[in-house]
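Consider the chain below, with attention to its strand pairing, its charged side chains and a few backbone angles. The paragraphs that follow take these topics in turn.

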Amino acid sequence: MIRDPETMTALLDTVSRFVRERLVPAEKTVEETDQIPPAIVQEMKDMGLFGLTVPEEYGGFALTMEEEAQVILELGKTSPSFRSLIGTSVGIGSQGIVLDGTPEQKARYLPRLATGEIIASFALTEPDAGSDAASLRTTAIRDGDDYIVNGTKRYITNAPLAGIFTLMARTDPANKGAGGVSAFIVEAGTPGLSIGKIDKKMGQRGAHIADVIFENCRVPASQLIGGKEGQGFKTAMKVLEKGRIHIAALCVGVAERMLNDALNYAIERKQFGEAIAGFQLVQAMLADSRTELYAARCMVMDAARKRDNGDDVSIEASCCKLYASEMCGRVADRAVQIFGGAGYLAEYSIERFYRDVRIFRLYEGTSQIQQIVIARGMVREATA
Ligand code: COS
């Protein structure tokens, strides 16, 4: 749902100009230094990018899903590390509070998330709990007015920068399943909370992940999201469902950038006396990529509109994430092929994008998890 087309067009134009004029020229620096320049971080804050999905009464843009998808698609046309910086505050890190937080929790954290003063991270995954998220072992045991948290969270995006963590922990150790899990807001700096070393990754330099370790970390009971135990897994699933449409939009944006670069290269690059864009085997790669991109974009916008409409989109969100992330991988591969030997060189951005996009098929639910969610949903529909 686009609430006001004029405002939306202005926002998209601003983001698009920012991407073209500020982010694309900084891509190499981010790759080389493994840091997003502080001036760019400040500009992202000033533009309100950290608050895209925070409700207006807390200082955000309160974008609908369709609006968010359009902005993220635009922001996707550059190194995905930039999106990653705002990604957890816009998506999985904040949405547990937005969807299920108490009024006090919203008032305490959302205004500061909206300005970018603090960053929110999402702490679900553990060394032994990834796809099987309900098997998480981190515990939060009630002790007076507090919970005492123990456990380790792994691959936590933006952990080294985060001001708060949306933490999923088991409050009922006797319940080994989803029902024993609760969600908390834990502030960075709480005694007993520490951050591991930054992990070295395949791509997305400038975007950092690390372990988050809880050792007898005392968290006030007022930090239990929604004030209710046993709801944490459902909060996580709702957050991830929305996040899957967000990531699918990102996949479309990055794929558009890669395909555009490959097309321009194919028009310039001459072999056998003519531009390689004139060769049908190259044209097939361009055409297949354009077709799949079009399909993914249509899927993302349809799922986003349905969610805005209040429909159950658990199947559609997973269809989008599955198709768009796999499509993005195929487009990256074809783009390298079109660039030929040059595509293997760090000098060209496609070498970096090829590595950067590999994570899309893994995080916020692997392709195999999306298949499971889709098929289970189909069975549920058919047997309801
Ligand atoms: N919205 C609301 N509630 C949901 C939901 C959703 N999208 N999906 C599941 N739930 C609820 C279920 O209704 C169920 O509630 P009841 O017990 O009241 O019926 C509860 O959550 C447990 O669901 P389910 O039985 O399906 O849980 P499973 O343990 O079988 O796990 C999968 C389901 C595999 C889908 C889940 O573990 C998953 O998504 N794994 C991937 C996690 C992931 O994306 N990790 C990425 C790391 S974060 S970047």
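Helices and strands here are DSSP runs, numbered from the N terminus, a helix having at least four residues and a strand at least two. The model is predicted. With this numbering, R205 falls in the loop that runs between β6 (193-195) and β7 (209-220). The relative accessible area of R205 is 33%, so this residue is partly exposed. R205 belongs to a surface patch of positive charge, in which it is joined by K197, K200 and K201. Membership of such a patch requires over 30% relative accessible area and no salt bridge; R205, at 33%, is therefore above that area cut-off.

The strands on either side of this loop are also paired with each other. β6 and β7 run antiparallel and are joined by 3 bridges. Within this pairing, L193 stands opposite F214 in β7. β7 has a further antiparallel partner in β3, and 9 bridges join the two. Here I156 faces A210 of β7. β3, which spans residues 146-157, is in turn connected to β2, residues 139-143, by 5 bridges, again in antiparallel orientation. R142 is placed opposite Y147 of β3. The connection between β2 and β3 is a hairpin with 2 residues between the strands. In that turn, G144 has a positive phi of about 65 degrees.

Positive phi values also turn up outside glycine. Most residues other than glycine have a negative phi. One of the exceptions is D34, whose phi is positive at about 65 degrees although the residue is not a glycine. D34 sits in the loop between α1 and α2 (38-46). Its relative accessibility is 22%, so D34 counts as partly exposed. E364 is another non-glycine residue with a positive phi, of about 50 degrees. The loop that holds E364 lies between α10 (349-356) and α11 (367-383). Buried or exposed: which term describes E364? E364 is buried, because its relative accessible area is 15% and the cut-off for buried is under 20%.

The next topic is charge pairing. Side chains of opposite charge can pair when their charged atoms come close. How many salt bridges does the model contain? The count comes to 24 salt bridges, given a rule that places a side-chain nitrogen of Lys or Arg within 4 Å of a carboxyl oxygen of Asp or Glu.

One of them joins R3 to E67, with the closest N and O atoms 2.9 Å apart. R3 lies in the segment before α1 (5-33) and E67 in helix α3 (residues 65-75), so this bridge ties together parts that are 64 residues apart in sequence. The two partners fall into separate accessibility classes: R3 has a relative accessibility of 41% and counts as partly exposed, while E67 has a relative accessible area of 2% and is buried.

A second bridge links K77 with E74, and the closest N and O atoms are 3.3 Å apart. K77 is partly exposed, with a relative accessible area of 22%. E74 counts as buried, its relative accessibility being 15%.

A third bridge is formed by the side chains of D100 and K238, at 2.9 Å from N to O. This pair links distant parts of the chain, with D100 in helix α5 (residues 95-100) and K238 in helix α7 (residues 232-268), 138 residues apart. K238 counts as partly exposed because its relative accessibility is 40%, which is in between the cut-offs of 20% and 50%.

Helix α7 also contains G243. The relative accessibility of G243 is 7%, so the residue counts as buried. The C-alpha atoms of G243 and Q95 are separated by 9.0 Å, and the two residues are 148 residues apart along the chain.

Salt bridges can also be followed beyond single pairs. Which residues does a network of salt bridges link? The linked residues are E27, R257, D261 and R352.

Technical notes. Residues are numbered from 1 along each chain as its sequence is written. This is a predicted model: local features need pLDDT of at least 70, side-chain atom pairs count only at pLDDT 80 or more; totals for chains, interfaces and linings use all residues. Side-chain values use heavy atoms; hydrogens and water are left out. Patches are made of residues with over 30% relative accessible area and no salt bridge: like charges are joined within 9 Å, nonpolar side chains (Val, Leu, Ile, Met, Phe, Trp, Tyr) within 5 Å. Accessible areas come from the Shrake-Rupley method with a 1.4 Å probe; for residues, only the protein chains shown count as cover. Lys and Arg count as positive and Asp and Glu as negative; His and the chain ends are not counted. The place of a charge is taken as NZ of Lys, CZ of Arg, CG of Asp or CD of Glu. Buried means under 20% relative accessible area, exposed over 50%, partly exposed in between (1.4 Å probe, protein chains only). Two strands pair if DSSP finds at least two bridges between them.
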